[in-house]
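Visitor: I would like to go through this structure with someone who can explain the labels.

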Amino acid sequence: DPMQPIQAAEQLQNYACRVPQDWSDAGRSLGSLHFWQATGATVVAIGRADALTVSPGPYAELCGGDLIMFVGDAEAREAVARFFSKTEVS
């Protein structure tokens with residue numbers, strides 16, 4: 001069925017990382033942080049407490065402890081790790 005979504009690309013990997021609790025830029029939006037420009041990664045969801053925001057826009061704020069889910073290539077994965085400096089990416 002041509003109307004059914006299919007997997008677009010096996011090489012498009014998804015990753016997750018946690019924003020450090022003491023991150024100095026906590027409370028700023030994805031847009032003001034220039035997250036995509038700095039990392040090449042596209043945030044697809046932000047988990048906070050028991051809530052999951054899917055497809056957050058540029059006005060979504062990042063807070064310490066948030067779980068950021070993103071897609072990108074290996075370079076984007078490394079760039080996100082550097083962006084948060086103390087964050088492990090899985």
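Guide: This is a predicted model, and the questions below deal with its sheet and its aromatic rings.

Visitor: What makes strands S1 and S3 edge strands?

Guide: The open sheet has four strands in the order S1-S4-S2-S3, with antiparallel pairing. Strand S1 (13–18) and strand S3 (51–54) each pair on one side only.

Visitor: How do you know that S1 and S4 pair?

Guide: Pairing requires at least two bridges. Six bridges join S1 to strand S4 (residues 67–72), so the two strands count as paired. Gln-13, for instance, stands opposite Gly-72 in S4. Helix H3 (residues 74–84) packs on the sheet, where it touches S1 and S4.

Visitor: Why is the pair of Trp-23 and Phe-84 called edge-to-face?

Guide: Ring centres must lie within 6.5 Å to pair, and planes over 60 degrees apart count as edge-to-face. For Trp-23 and Phe-84 the values are 4.9 Å and 65°, so both conditions are met.

Visitor: What does this pair tie together?

Guide: Trp-23 lies in the loop between S1 and helix H1 (30–33), and Phe-84 lies in helix H3, so the pair ties together parts that are 61 residues apart in sequence.

Visitor: Why is Phe-84 called buried, but Phe-83 partly exposed?

Guide: Buried means under 20% relative accessible area, and exposed means over 50%. Phe-84 has 0%, so Phe-84 counts as buried. Phe-83 has 22%, which falls in between, so Phe-83 is partly exposed. Phe-83 and Phe-84 also form an edge-to-face pair, with 90° between the planes.

Conventions: Residues are numbered from 1 along each chain as its sequence is written. This is a predicted model: local features need pLDDT of at least 70, side-chain atom pairs count only at pLDDT 80 or more; totals for chains, interfaces and linings use all residues. Side-chain values use heavy atoms; hydrogens and water are left out. Contact means heavy atoms within 4.5 Å. Axes are lines fitted to C-alpha atoms, for helices over the stretch in contact, and angles run from 0 to 180 degrees between N-to-C directions. Rings of Phe, Tyr and Trp (its six-membered ring) pair if their centres lie within 6.5 Å; planes under 30 degrees apart count as stacked, over 60 as edge-to-face and the rest as tilted. Buried means under 20% relative accessible area, exposed over 50%, partly exposed in between (1.4 Å probe, protein chains only).
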